[in-house]
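Hi there,

Here is the structure I promised to pass on to you. Have a look at it first, and then read my notes beside it.

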Amino acid sequence: MNRSASDPGQSPRASGLSALGSGAGSLLSALSLAPDRVGRLFRHRFPTVAVTGMTGAGKSRLIDRISRHSAQEAQADVGSATMERRTRKMARGRGFRFRVVPGDNAATRLWALDEVFHDEPVDGVLHVVSYGHATPRRPAGTTGAASASHDEQLAAELEDWAITAHRIAGMAVRRDKPVWLVIAVTKTDLYPDRVEEAVRYYSPGSGSPFSARLDELRGLAGGARIAIDVLPASVPAEAVPAARHTSERQIAALERRMSQLAGHL
């Protein structure tokens, strides 16, 4: 006559093996969930940030500064047409993982945009602008110094933003939590008397062409799904003491705001 595990007549050895099997099953079940839990914990502590913006806006220089990347390491990445990766480690085991999207309108850029906004959606976006002061780049196949007017640069910046904004909107509608966007206004050392004017140009509700594009983004994604901040962030190549102090203050404010948005503070 067969006896079940609950049968009082079952031997102690059989009962022990049954209990061991049950415990092992629970342990295996817990272990199978561990990688997912560890992944969520790591992502919470080190959220991923897409760094976007047109060529010459200063994306790499800004992220090298934030991530404490050395000048020697940064030099190797100048002119890179592939996505750059940086990590910023902070106190209490927290930080950020940055994905710097190439600014050139090339296949590598489109691939990088798809990766950060669709394949492996990021937690936040740092969009870099320079108020018409991006470093001009020569068209392919040409020689000589490149040049572009302030208005031409602003127009190119709007065109670049339109490509990125649609991808941000697509990501936002698929997420179950709001996406944060920080617009970093760089190269402010080149126009120190117009910094407030520049920040206002990129701010929602200012009535500028860029502001109108932000309204479009909110309309596409749903206003409650996107939090938008605008902050100056200058990283001058060779700063005089006053400019260096301003730059340090701006970068500190940018890092603090990103930490607040990421839940680090």
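Below is what I found, starting with the sheet and ending with one residue.

Please keep in mind that this is a predicted model. Its 6 strands form an open sheet with mixed pairing, and the order across it is β2-β3-β1-β4-β5-β6. The edges are taken by β2 (84-89) and β6 (226-232); each has a single partner strand, so one side of each is left without a neighbour in the sheet. From one strand to the next, the twist averages 20°.

If you want a pair of strands to trace, try β1 (residues 48-52) and β4 (residues 124-129), which run parallel and share 4 bridges. Once you have found T52, look for its bridge partner in β4, which is H127.

Next come the helices. Helix α4 (residues 107-119) lies across β1, β2, β3 (95-100) and β4, at about 145° to β1. Helix α7 (residues 209-221) lies across β4, β5 (179-185) and β6, and its angle to β6 is about 155°.

Finally, please find T186, in the loop between β5 and α6 (195-201). Is T186 buried or exposed? Its relative accessibility is 3%, and buried means under 20%, so T186 counts as buried. What does its side chain reach? The answer is the backbone oxygen of A57, at 2.7 Å. Beyond its neighbours within four places in sequence, T186 is in contact with several residues, among them A57, L62, V128, V129 and Y191.

Enjoy exploring, and write back with any questions!

Best wishes

Note on methods
Residues are numbered from 1 along each chain as its sequence is written. This is a predicted model: local features need pLDDT of at least 70, side-chain atom pairs count only at pLDDT 80 or more; totals for chains, interfaces and linings use all residues. Side-chain values use heavy atoms; hydrogens and water are left out. Two strands pair if DSSP finds at least two bridges between them. Helices (H or I, at least four residues) and strands (E, at least two) are DSSP runs, numbered from the N terminus. Axes are lines fitted to C-alpha atoms, for helices over the stretch in contact, and angles run from 0 to 180 degrees between N-to-C directions. Contact means heavy atoms within 4.5 Å. Buried means under 20% relative accessible area, exposed over 50%, partly exposed in between (1.4 Å probe, protein chains only). A polar contact is a pair of N or O atoms within 3.5 Å; within protein, one must be able to donate a hydrogen and the other to accept it, and residues adjacent in sequence count only if both atoms are side-chain atoms.
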